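Here is a short tour of how some residues pack and where others meet the surface. Have the viewer open as you read along.

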Amino acid sequence: MNIDQNENSYRLLINNASEMFWVLDLATQRFTYVSPAAEYIRGYSPVEMLEHSLYQVLSSESGQYIQNVLPSRIQRFQQGVPETYIDELQLTCKDGSLIWTEVTSRIALNPENGHLEGYGVARDISERLQIEQQVRQLSQAVQQSPASIVITSPAGDITYVNPKFTEVTGYTYEEALGKNPRILKTEITPPEVYTDLWQTLSSGKVWRGEFCNRKKNGELYWEFASISPILDRNGAVTSYVAVKEDITERKEKDLALQAANEQLSRQLVEIQSLQAALREQAIRDPLTGLYNRRYLYETLGQEFARLRRKSQPLSILMLDFDHFKNLNDRHGHAAGDAILQKLADLLLCQTRKGDTVCRYGGEEILIAMPNTPLEQAQQRAAELVEKISSQNIAFEGHWLSITVSIGVAAFPQHGETIDEVIRAADQAMYHSKVAGRNRATVYAL
């Protein structure tokens, strides 16, 4: 390739470059050559550029800077110290705006006229400076963030922590660098949390959750973390970024509230249990455990309303122990109580789930049998007479036995109200006693 071909190649390269090439006569401070990129960078054509002096091209601040450094640079060149200079200078544009450029230049002697000349290239760095400004702002935001920020390598080694991390954990930047975040780990955080974390990150997604961690001094603290994988253009993980908020105070309040709620729930259960026990005491006879008269009337009131709607029968047995006073006089009231308790257990075993067995008063016991016709009630009464008379009850070295007289009445044959049917059963029971006791008698109209 000859000299002309080389010159053509260089000219083609310079004319099509995005950088502005220039030659400046330092004696006249006028440009003697400017490449076509001048129009792209400043908005002026190369011809227009040749009409501008050096300080017309520069902003006032950059012009002042060059005015200060140029004499010393010329002097060093004249002393035989050729140097390459790289400066960031602001240029004025045709539309009145300013543009930042990176200018690389050298000083040389023009052998044809003996003038010193500046040779250089100016590159538009506005976009780069904007990105650097954004990076500085982002860096400042990270440094001053109220949240802890941790960056790790794909292997999980810490490559950066911000000051908030140090404030929260007690680990300095140098202590944390190269370590694994496991230095904060506690057994309080369930293992499945870490399993979910790595499964989420491995799928390229952001993971969010809570940790209970340990500070350098051993103190526990809670934090909410948002961890993101950072991917390159090929989709490979280059790092992980964790943004973490200390939620210890909130968590302690939540845990305290949870504990209070649990305690309240336990207390409510205890209260409900106590209320149920009190309810049972209110409706039970304390000696026998059978229902009392109050409960009987509450139940039968509801039962009678239902029976009337459905036209179903109800039978009542009225039991009275025979010669009960003689037994008390001979063996004492404790013996009578033992008899009542034993026979109460027997009656509960001999009646159905839907029946109501009630200590009606003294030694009288009433059994209400819903949906039981009179004939069936009479048969069950006879069975109870036989069963009770066959019982032998041990008491203080003695075997005690007793019989009962039972009266049987039914709804609706013997009455339309609770009281009417009970009175009928009571009269029938009285007839059993008159007829010789130890028997069951049906009410006769």
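## A patch on the surface

Leu264, Leu268 and Ile271 make a nonpolar surface patch of about 250 Å². Patch members have over 30% relative accessible area and no salt bridge (a side-chain nitrogen of Lys or Arg within 4 Å of a carboxyl oxygen of Asp or Glu), and nonpolar side chains (Val, Leu, Ile, Met, Phe, Trp, Tyr) are joined within 5 Å. Areas come from the Shrake-Rupley method with a 1.4 Å probe, counting only the protein chains shown as cover for residues.

Ile271 sits in helix α10 (residues 248-283) and is partly exposed, at 42% relative accessible area. Buried means under 20%, exposed over 50%, and partly exposed in between.

## About the model

This is a predicted model, where local features need pLDDT of at least 70, side-chain atom pairs count only at pLDDT 80 or more, and totals for chains, interfaces and linings use all residues. Residues are numbered from 1 along each chain as its sequence is written, and side-chain values use heavy atoms, leaving out hydrogens and water.

## The cores

The largest nonpolar core (buried Ala, Val, Leu, Ile, Met, Phe, Trp, Tyr and Cys joined through side-chain atoms within 4.5 Å) has 32 residues, of which Leu317 and Ile406 touch the most other members. Helix α13 gives the most to this core, with eight residues.

Leaving aside neighbours within four places in sequence, Leu317 has contacts (heavy atoms within 4.5 Å) that include Ile365, Ala381 and Val408. A second, separate core of 26 residues includes Leu26 and Leu89.

Terms used:
Buried means under 20% relative accessible area, exposed over 50%, partly exposed in between (1.4 Å probe, protein chains only). Helices (H or I, at least four residues) and strands (E, at least two) are DSSP runs, numbered from the N terminus. Patches are made of residues with over 30% relative accessible area and no salt bridge: like charges are joined within 9 Å, nonpolar side chains (Val, Leu, Ile, Met, Phe, Trp, Tyr) within 5 Å.
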